[in-house]
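The exercises below concern the strands of one sheet and the surroundings of a ligand. Work through each task with the structure open before reading its solution.

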Amino acid sequence: MKPSVYPANPNFSSGPCPKRPGWSPAVLTGALVGRSHRSGVAKQRIQEVLEVSRELLNLPNDYRIAITPASDTGAFEMAMWSMLGRCGVDILVWESFGAGWKADVVNQLMLHDVRVLDADYGFLPDLTQVNFSRDVIFTWNGTTSGACLPDGKWIAPDRSGLTFCDATSAAFAMPLPWDRLDVVTYSWQKVLGGEGQHGVLILSPRAAERLETYSPTWPLPKLFRMTKSGKLAEGFFSGETINTPSMLCVEDVLDALRWAESIGGGDALIARSKSNLAVISSWLNDCFWASFLVEDPAIRSSTSVCLKIVDPWFMALTSDKQRTVTKSMCVLLESEGAAYDINGYRDAPPGLRIWAGPTVESADLDALLPWLDWAFDEIKARHI
Ligand SMILES: Cc1ncc(COP(=O)(O)O)c(C=O)c1O
């Protein structure tokens, strides 16, 4: 039967992700538009973003945090281009974003001493094989497969290489073991539901030391430069962005951060995402046609929840036909106003992907799930 209850907010995209509950454009009213980002008031606002982020993430005092251009990609590229090349690199690849970082390291930076530890969608590579005397690159949460790291116990505390963690769909939704992470990046458009364009780069003291003691052999564009005359450009880590940021985006992310504080801080964000995952889990317990792409609950993401379709009719279809089916489901759900942007990622096995981060209300997931059952039955009936 066609459901009669709609999600109040049908946005379940895995990036840009849904805005926080209660968001409206009115939160931008006080944005310092038309002002210089180097003015005292604007700098204060940027610094507030850094301070509240630091607090919500529970960042150690000696870790540095800065705003970068070009979202998470900008932050991660900046880190790789500035710091890699001193030693060999181990790269963990288990979905498309890790694969993208590997391609950059091998094809663009052209590093030769690279080991790739990989796994299929739905799994993680063998973490015991990582060599921490080398630099190690990984995403914390594979946004396109829904597999995430279980914890940081596999990372050597006394490593000599640096760990580079792309945490864009994990930061603020999953605990991060700071003592095991040297370079961490994320973007505002993900868990916080902020706007695209800006990224955040976090550095451990050892990563900062790498910047001061090592210069790569390749040229670095101005956008990537974090040092001046061999010393860390400390201004960058206290709100002096390299180039002009959007003060609208700054205002917007500050609104999200203040909302996060108002509901109880970092732990509350993590708890909201976990309970969203639990809503989907309990629906799947009685679902005959779908299941988690990631079978092991210990590595199952609570933010980018990926589903595979296990109905025998669907499984007998070719991969192209399967994609047509999931696309038709998504078109139907969108035309009903029940769910937007939940098709699986183009490189992932055909299926659905539902964002369940902390800006999503559990009640909206409750309302969404019967629509998925309905849409699957509808599309199957049309194809049989
Ligand atoms: C794991 C991961 N890394 C990198 C990116 C790229 O992020 P951005 O578009 O913010 O640069 C994404 C976006 O979905 C992602 O999920």
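A residue counts as buried if 20 or more other C-beta atoms lie within 10 Å of its own, with C-beta atoms placed from the backbone. The model used here is predicted.

**Exercise 1.** Determine which residues of β2 are buried on each side of the strand.

*Solution.* Start with the strand as a whole: β2 spans residues 89-93, and 5 of its 5 residues are buried. Next, sort them by direction. Val 89, Ile 91 and Val 93 lie on one side, and Asp 90 and Leu 92 on the other. Both faces of β2 are therefore covered under the cut-off of 20 or more C-beta atoms within 10 Å.

**Exercise 2.** Find the strands that pair with β2, and describe the path of the chain from β2 to β3.

*Solution.* Take β3 (residues 114-118) to begin with: β2 pairs with it in the parallel sense over 5 bridges. Within this pairing, Val 93 is opposite Asp 118. Between the two strands the chain passes through helix α3 (residues 96-108), giving a right-handed β-α-β crossover. Helix α3 lies across β2, β3, β4 and β7, and runs at about 150 degrees to β2. Then take β4 (residues 135-139), which is parallel to β2 and joined to it by 3 bridges. Here Ile 91 has Ile 137 as its bridge partner.

**Exercise 3.** Follow the sheet from β4 through β7 to β8, then give the strand order and identify the edges.

*Solution.* Strands β4 and β7 run parallel, with 4 bridges between them; Thr 139 is opposite Asp 166 of β7. In β7 (residues 163-166), Thr 163 and Cys 165 point one way, Phe 164 and Asp 166 the other, and all are buried. Strand β7 is also parallel to β8 (residues 183-187), through 3 bridges. Phe 164 has Val 183 as its bridge partner in β8, and Cys 165 is opposite Val 184. The full order is β1-β9-β8-β7-β4-β2-β3, an open sheet of 7 strands with mixed pairing. The edges are β1 (64-69) and β3; each has a single partner strand, so one side of each lacks a neighbour in the sheet. On average, neighbouring strands are turned by 20 degrees against each other, direction ignored.

**Exercise 4.** Describe the residues around the ligand by class and by the element that gives the most to the shell.

*Solution.* List members of the shell: among them are Gly 15, Ser 71, Asp 72, Thr 73, Thr 139 and Asp 166. Count by class: 1 nonpolar, 9 polar and 2 charged. Finally, assign the main contributor: helix α2 (residues 71-83) gives the most, with 3 residues.

Note on methods: Residues numbered from 1 in each chain as written. Predicted model: local features only at pLDDT ≥ 70, side-chain atom pairs only at ≥ 80, totals over all residues. Near = placed C-beta within 6 Å. Nonpolar A, V, L, I, M, F, W, Y, C, P; charged D, E, K, R; others polar. Buried ≥ 20, exposed ≤ 12 C-beta atoms within 10 Å, placed from the backbone. Pairing = 2+ DSSP bridges. Right-handed = clockwise from strand over helix to strand, strands pointing away. Axes fitted to C-alpha atoms, helices over the stretch in contact; angles between N-to-C directions. Contact = placed C-beta atoms within 7 Å.
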